[in-house]
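Here are a few exercises to work through with the model open beside you. Try each task before reading the solution under it.

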Amino acid sequence: MNIQTEHRSPTTGSTPYDEVYYPGHVYGLTHPNHLATSAAVYGMQPAPVEHCRVLELGCGVGGNLLPMAFQYPDSEFIGVDLSSVTIERGRRNIATLGLSNIKLLHCDIMNVDASFGQFDYIIAHGVYSWVPPAVREKMMTIFKQNLAPHGVCYVSYNAHPFSHLRDMVRDMMRYHTRRLTTMKEKVGQARAILKFLSDGSKANSVHGAVMRDQYHRVLKAPDELLFHDDLDESAEAFLLHEVVEDAGRHGLQYLSDADFSRRYLAGYSEEVRTTLQRFPESEFMARDQYQDFIDGNGFRRTLLCHDSISLRRQIDLDFVTRFYLLSTTSPVDPDACVTDGSAMEFEHQDGSRVTVTKPLLKAAHLCLGRAWPRALSFGELLDGARALLDGRRAYDDHQVLREAMFILACSGEVTFLISPPFLLKEATDRPQASLLARRQAQTGPLVTNLLHQTVQLEDDRTRDFLQLLDGARTIDQIITEMTERFGPTIRINQTDTAGQPAEPLLLSTRESVERSLAMVSKLGLLVA
């Protein structure tokens, strides 16, 4: 595939991102499959992700865009960034993978014009709050000018009300580090002064509580993030309605928050739920704005589309039957009875738990967990659940499952997508891991799976193991090579339920390989 967009040289010199590398990561909510799903929920007809055009403004090294291009070879991906250093690094990564459907341009956002063509999905993650007003204005122009008629735009930014608190400590850190020049000095002293100020504030005061909370936030932030985000002189936060009103002046409208589960109000008091539910469809954005006020939201992921599109805000129970469903759920007690009305507890990857009593729903949770990372259509899920109940059927099975999946999808406990993920399968005799993940594993423990998620490999042995999954080696050959490298027995360190060291597990190399293959499959790293 030949992307015709020409290189456009930026008009400025080096940037802070040339000097301090900002690590490239994937951001799941920016994925075109997720954007298309959000659009479809509200009645749009988005372009199929298998054949679409995607533009990312401020793409950096391409850490977010490159995995998309790897997944969808028949789609086109263009990224622009002002940092020549990161663009060059990204181009080397593209060359290593041999991709021809992605192009990273060393280009000023101000130089993006109509000649770039139209895109089905435009992404601007972590840019809007960190550029001057003129560039923000240009970004809105691009969103309107370069967005296809049924396209979706994703723009993220620091948000109020939480950013008022963030800005307070930003002022303190920037004042203290104003004469320092290197990242190491600035970051080190920013944390030091915030510790001093938070420790010195009164613990029983509102100010003291805020200072301690902000100090813990800054302490956990990676150095590069703290340097580029909190210590940036120009960073500006916005209220949702300010960005939406600006978009409206450019012929765009608010589609939704990128996180669909924010619509789910079950966690609020009855009074809050009742009040927010009173907002009419015409004031959809206002409801979200008031929800930000309630939550103290500090970072916004906003979706926009053309204002000529008529959106359908009412979500009915049937919507969930039109999508593919995924969940990491697994039974806490694998031996619990599925076929009776006893309680059965399931745990998700994030540690949350749900208790289920209806046999059909227990079977459905089992099906989703066993299928992960593969997605199931609603029909496949219903058939699979019935099969686990020995074919037992009830007249209301469809209704019961639909209502349960509706709640789980709205709450975010079950992921739903308009298109099945670029797929994955069980290990064969010649298992093959994603080439992208294998290349990433050569330089570090963080790799991108085929669900557009970052996963961390356990240790160097796992990284070595991943390199052997090239589709050319049989499982027996992999076992032989692992034995040569690590011996006939492999020690697996373990922890107990409290997170304390437990008796290590000693496995034969064959057992270890089989266990590792199952793990790699569940991590979403095996290709179809």
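**Exercise 1: two residues with positive phi**

Asp390 has a relative accessibility of 72%, so Asp390 counts as exposed (exposed means over 50% relative accessible area, buried under 20%, partly exposed in between, with a 1.4 Å probe and protein chains only). Before going on, note that this is a predicted model, in which local features need pLDDT of at least 70 and side-chain atom pairs count only at pLDDT 80 or more, while totals for chains, interfaces and linings use all residues. Residues are numbered from 1 along each chain as its sequence is written, and side-chain values use heavy atoms, with hydrogens and water left out.

Task: find where Asp390 lies, then decide whether His452 is buried or exposed.

Solution, step by step:
1. Asp390 sits in the loop between α14 (378-388) and α15 (397-411); helices (H or I, at least four residues) and strands (E, at least two) are DSSP runs, numbered from the N terminus.
2. Asp390 is not a glycine, yet its phi is positive, about 60°.
3. His452, also not a glycine, has a positive phi of about 60°, and its place is the loop between β14 (446-448) and β15 (454-456).
4. With 2% relative accessibility, His452 counts as buried.

**Exercise 2: cis peptide bonds and a contact**

Task: locate the cis bond that follows His160, and say which helix holds Phe293.

Solution, step by step:
1. The bond from His160 to Pro161 is cis, with omega near 20°.
2. Pro161 belongs to the loop between β5 (147-158) and α6 (162-176).
3. Apart from neighbours within four places in sequence, Phe293 is in contact with Pro161 and Leu239 (contact means heavy atoms within 4.5 Å).
4. Phe293 is part of helix α12 (residues 284-295) and, at 40% relative accessibility, counts as partly exposed.
5. Another cis peptide bond joins Trp372 and Pro373, with omega about 10°; Pro373 is in the loop between α13 (359-371) and β12 (376-377).

**Exercise 3: a cavity and a pocket**

Task: which element gives the most to the lining of the largest cavity, and which to that of the second largest pocket?

Solution, step by step:
1. Start with the terms: on a 1 Å grid over the protein atoms alone, a cavity is a set of points where a 1.4 Å probe fits but cannot get out, a pocket is an open set with protein on both sides within 12 Å along at least five of seven lines, and lining residues have an atom within 4 Å of a point. Points are joined across faces, edges and corners, and a volume is the space filled by probe spheres set on them.
2. The structure has 3 cavities of 30 Å³ or more, and the largest cavity has a volume of about 90 Å³.
3. Among the 13 residues lining the largest cavity, Tyr42, Ser256, Asp257, Asp259 and Arg263 are the closest to its centre.
4. α12 gives the most to this cavity's lining, with 4 residues.
5. The second largest pocket has a volume of about 880 Å³. Its lining has 34 residues, and the closest to its centre are Trp372, Gly412, Val414, Thr415 and Gln453.
6. For the second largest pocket, α2 gives the most to the lining, with 5 residues.
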